[in-house]
Amino acid sequence: MHVSVVVPIYNERDNVEPLCDALRNSLGPSAHDYELILVDDGSTDGTRERLRGLAAEREEVRLVELRRNYGQTAAMSAGLEFACRPGLPEGAVVTIDGDLQNDPADIPLVVDKLAEGYGMVHGWRRNRQDKWLSRKLPSLLANRLISWSTGFKCRDLGCTLKAIRRDIAADLRLYGEMHRFIPIMVHWHGARCTEIPTHHHPRLHGESKYGIGRTFGVLMDLVTIVYLTRFSQNPMRLFGGLGAVATLLGGAMGVVSLAMKLFGGADLTGNPLLYAGCFAGLAGLQLLLMGMIAEMASRTLYESQGSRPYAIESTAGFGAQEPLPGRA
Ligand code: UDP
Ligand code: MG
């Protein structure tokens, strides 16, 4: 099988060389043809220079340099576009982190599993080596919420190590923090997916680019994903349903207040609970729905324009095929 390994890289100066070595050690002896598509996501710590050196020295390395830092999803999306360029044979696209937290030695495992007839195989970090409170717990909750709301059972959506059939990868459109929803998108496109346990290591060099703040973006992406897939036929069901619940709650509050006044003789003037309830219930719901509509409108705009969420500065290592797609 022909394997294109896509790696988004941002300020990983001390990781890139060991990474390329590890990928060579893992894929070199395997039966697969392979290339490494390293996407430099606007690094500022000298990573870019090292990557250029690697692209010049090693035949299997291709380099895509983005103009600035666009984020992991955009960088991955750029890599996927190159991994699905015309002229490549059928095969697999593998995504993996550039910090060696995923183990390159696991790549043949996911690729061989893919060859059994799956559209996607994703890793499950059974022994995830990250902080519990700030990383593992939010992930656990997010995975549960996502499984529950999408009906797609998955233990570790956040694991970057995945193998995707090339023709399926070519259909993916990613923005926001959506790289973590790839398994759901692939599943909804009707492909067979499975997960296998993979290794996970603590970071040796550099720092994680993320904190707990990312969870919010992930939740907004979830809203869009659920909306686009479940409610796209009839969006008013979602809004109508929430609106109906709010109306019922408001109505019930009105009836209770009236009863309290008529039968209990209660004085409702200045009752802070009443105001707080009305405000939180109605204003909050209105704002929530407006926010969701705004989120969806912006995503629809993104999709309809067909624009890429990144601009490419230059590429190297693609040989006669250069220059390549995405040059803005
Ligand atoms: N990354 C990127 N652009 C960014 C942030 C991260 O390309 O803006 C890359 C990063 O270099 C690494 C991968 O995405 O290869 C995962 O990032 P990180 O290790 O910081 O995430 P974590 O493992 O903490 O979830
Ligand atoms: Mg990491």
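Student: Which residues come nearest to ligand 1 in this predicted model, and what makes a residue count as near?

Tutor: Of the 16 residues around ligand 1, the nearest are Pro8, Tyr10, Gly98, Ser208 and Lys209. A residue counts as near if its C-beta atom, placed from the backbone, lies within 6 Å of the molecule, so the 16 residues are those that meet this limit.

Student: Which elements each supply at least two residues of the shell around ligand 1?

Tutor: They are strand β1, residues 2–9, and helix α3, residues 72–83.

Student: What is the make-up of that shell by class?

Tutor: The shell around ligand 1 has six polar, five nonpolar and five charged residues. Among the nearest residues is Gly98; Gly counts as polar by definition, so Gly98 belongs to the polar class.

Student: How do you know that α1 and α2 are in contact?

Tutor: The axes of helix α1 (residues 16–27) and helix α2 (residues 47–57) come within 10 Å and cross at roughly 35°. Val16, Glu17 and Cys20 of α1 make the contact with Thr47, Arg50, Leu51 and Leu54 of α2. Contact requires C-beta atoms within 7 Å, therefore these residues are listed as the contact. By class, four are nonpolar, one is polar and two are charged.

Student: Where do the domains of the chain lie?

Tutor: The domain assignment gives domain 1 as 2–211 and domain 2 as 235–304. Their centres, taken over C-alpha atoms, are separated by 42 Å.

Student: Which residues does UniProt list for "domain: Glycosyltransferase 2-like"?

Tutor: An unreviewed UniProt entry lists residues 4–171 under that name. This span is 39% helix and 21% strand.

How values were computed:
Residues numbered from 1 in each chain as written. Chains lettered and ligands numbered in written order. Predicted model: local features only at pLDDT ≥ 70, side-chain atom pairs only at ≥ 80, totals over all residues. Helix = DSSP H or I, 4+ residues; strand = E, 2+ residues; numbered from the N terminus. Domains from an automatic or database assignment. UniProt positions renumbered as here; feature names shortened; annotations may be inferred. Axes fitted to C-alpha atoms, helices over the stretch in contact; angles between N-to-C directions. Contact = placed C-beta atoms within 7 Å.
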